[in-house]
Amino acid sequence: MSNMSVSLEMCAVDFMGEELSPEEVAIAERITELKATLGDRLLVLGHHYQRDSIVMHADFIGDSFMLSQKAAESDAEFIVFCGVHFMAESADILTSKDQSVVLPNLRAGCSMADMATLVEVEVAWKQLLEETGMDDPIDKEDPISLAKPGDGYIVPVTYMNSSADLKDFVGRHGGVVCTSSNAEGVLNWAFERAGENGAVLFFPDQHLGRNTGLKMGIPKSKMPVWVPNMGLMGEDTNNPRIVLWHGFCSVHKRFTVSQIENFRERFPDGKVIVHPECEAEVVNAADSNGSTQFIKNYVESMPEGSKVGIGTEINMVARLAQEHPDKHIECLDSQVCPCSTMYMIHPAYLMDVLERLVDGEIPNQIIVPDSVQEGSMLALNRMLSIPK
Ligand code: SF4
C-alpha cells in the first residue's frame with residue numbers, strides 16, 4: 001500500500017541540512033512501532049508540503065486531490081491526515097460514519113481558506129445575482145438536484161482549500177469543488193452549466209482562478225475581483241465570465257518575476273516551473289505551471305543534468321532535490337518559504353495521536369456536522385466524477 005519514498009536514513013537531516021537530534025530519531029522509531037501496532041486499522045496520509053520526518057510515515061504522499069481520492073477509497077478505521085484542516089474535513093466527508101479522521105495538530109489551518117467565510121460568500125452571492133441579473137443554478141423544487149446545463153447562471157466553484165460549510169454552499173447552489181490539478185476540467189464543467197451568458201464565481205484563490213481562465217482564453221478584463229465589503233472591482237464589471245474572490249496563498253505569493261530572471265541569468269538553459277497559486281505575471285514568465293503532482297512529474301521527466309527552478313513550498317522542493325541528485329533543483333525563493341500551517345504537524349504530534357489511538361481514544365477528530373455533509377459531499381463527488 002505504501003508509496004513511501006523517504007526513508008528514516010534520509011531523515012537523518014532536515015531540508016536545511018541539519019542533523020536530526022537523538023530525540024527526533026526516537027520519535028520516528030516510536031511512530032513506526034505504533035503504526036505497526038495499529039496495522040490495517042490505520043491509514044496515514046501526507047501532503048507533499050509536509051516535512052520529511054512526517055512524510056516518511058505516510059502510506060500515501062500526494063496533493064489534496066490525490067489524498068482525497070485515497071481517503072474515499074480507504075476502509076481503514078482511522079485516517080490520520082498530515083495536512084491542514086480543510087483536507088481533513090474533505091476526508092471526513094468522503095469516508096463512512098464508522099471511520100474517524102484525525103488531524104495531528106488542530107491549529108494547522110490554511111490562511112487562504114480563512115480568506116472566504118460563509119457569511120461573506122452569502123453576501124457576495126446575493127449581491128452578484130442582483131447586480132448581474134444572472135440566476136442561481138439550483139432547481140428551486142429540489143435544492144440538492146444535480147446541476148444541469150442552462151444559460152445565464154452563476155455557478156459557484158470553490159477550490160479544495162476552503163471550509164466544509166463553503167463546499168456545502170457550493171453543492172447546494174449547483175456548483176463543484178476543484179483542485180489545482182483539475183481546475184480547467186472543472187471550469188469547463190461549470191461553464192457548460194452557466195451557459196454562454198453565465199459566469200463562474202471562483203473562490204477563495206484569485207490566482208488559480210485567473211491563471212486557469214487565462215489558459216482557457218478568457219481575457220483578464222472579464223475576470224473582475226470580488227473584494228468583501230467593497231464589491232466587484234476591475235476594468236469591466238458588467239459582464240464577468242469569472243468572478244474571482246480576493247484570496248491568495250501567502251507562500252506562493254512570495255514568488256516573483258525577478259526571482260525567475262535571476263535563475264535564468266545563472267542557468268540560461270534551465271527550466272522554471274511554478275504552482276498556479278502564483279501571480280499571473282510569474283506564471284507567464286515560467287516555462288510551465290501546474291499542481292504539486294504536475295511539478296513532481298515534470299521534474300521526474302527531465303533528463304539527467306537538468307537545472308530546474310521551482311516556485312512552490314520548500315519542503316517539496318527540497319525533497320525533489322534529494323530524490324534527484326543527478327539534477328540541479330532549487331527553490332526560486334532563496335529565503336526559503338515553508339507553509340507555516342503545514343509545518344505545525346510536528347512528528348511529536350503525530351506520535352501523540354497514534355499513542356492515543358492505540359490506547360483506545362480518538363484524539364483531534366475532525367467531524368463535519370451532518371448539516372453541511374450533504375451539500376459538501378455533492379460538490380466533492382461532482383469533482384471526482386469530472387475527468388482531469
Ligand atoms: S501552501 Fe498556501 S494554500 Fe497551501 S495550506 Fe499553506 S497557506 Fe494554504
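This note walks through selected features of a predicted model.

1. **Strand β5.** Start with β5, which covers residues 154-159. This strand is mostly covered, and six of its six residues are buried. Which residues lie on each face? On one side are I154, P156 and T158. On the other side are V155, V157 and Y159. Both faces are covered, since every one of these residues is buried.

2. **Pairing with β7.** β5 pairs with β7. The sense is parallel, and the pairing runs over five bridges. To find the register, look at P156 of β5: L201 in β7 stands opposite.

3. **Pairing with β6.** β5 is also joined to β6, a strand of residues 176-178. Three bridges link the two, and they run parallel. Here Y159 has C178 as its bridge partner in β6.

4. **The crossover.** What do β5, α6 and β6 make together? They form a β-α-β unit, and the unit is right-handed. The helix, α6, spans residues 164-172.

5. **A cis peptide bond.** Check the step from F203 to P204. This peptide bond is cis, with omega near 0°. P204 sits in a loop, with β7 (199-203) on one side and α8 (206-215) on the other. Most peptide bonds are trans.

6. **Positive phi at N229.** N229 is not a glycine, yet its phi is positive, near 75°. The residue lies in the loop that links β8 (225-227) with β9 (231-233). Is N229 buried or exposed? N229 counts as exposed because it has 7 C-beta neighbours inside 10 Å, and the cut-off for exposed is 12 or fewer.

7. **Positive phi at N364.** N364 is another non-glycine residue with a positive phi, here near 50°. Its loop lies between α13 (347-358) and α14 (370-385). N364 counts as buried, because 20 C-beta neighbours fall inside 10 Å. The cut-off for buried is 20 or more. As background, most residues other than glycine have a negative phi.

8. **Around the ligand.** How many residues surround the ligand? There are 13 residues around it. Those that come nearest are C110, M112, C249, V251 and C339. By class, the shell holds eight nonpolar residues, four polar residues and one charged residue.

How values were computed. Residues numbered from 1 in each chain as written. Predicted model: local features only at pLDDT ≥ 70, side-chain atom pairs only at ≥ 80, totals over all residues. Near = placed C-beta within 6 Å. Nonpolar A, V, L, I, M, F, W, Y, C, P; charged D, E, K, R; others polar. Helix = DSSP H or I, 4+ residues; strand = E, 2+ residues; numbered from the N terminus. Pairing = 2+ DSSP bridges. Right-handed = clockwise from strand over helix to strand, strands pointing away.
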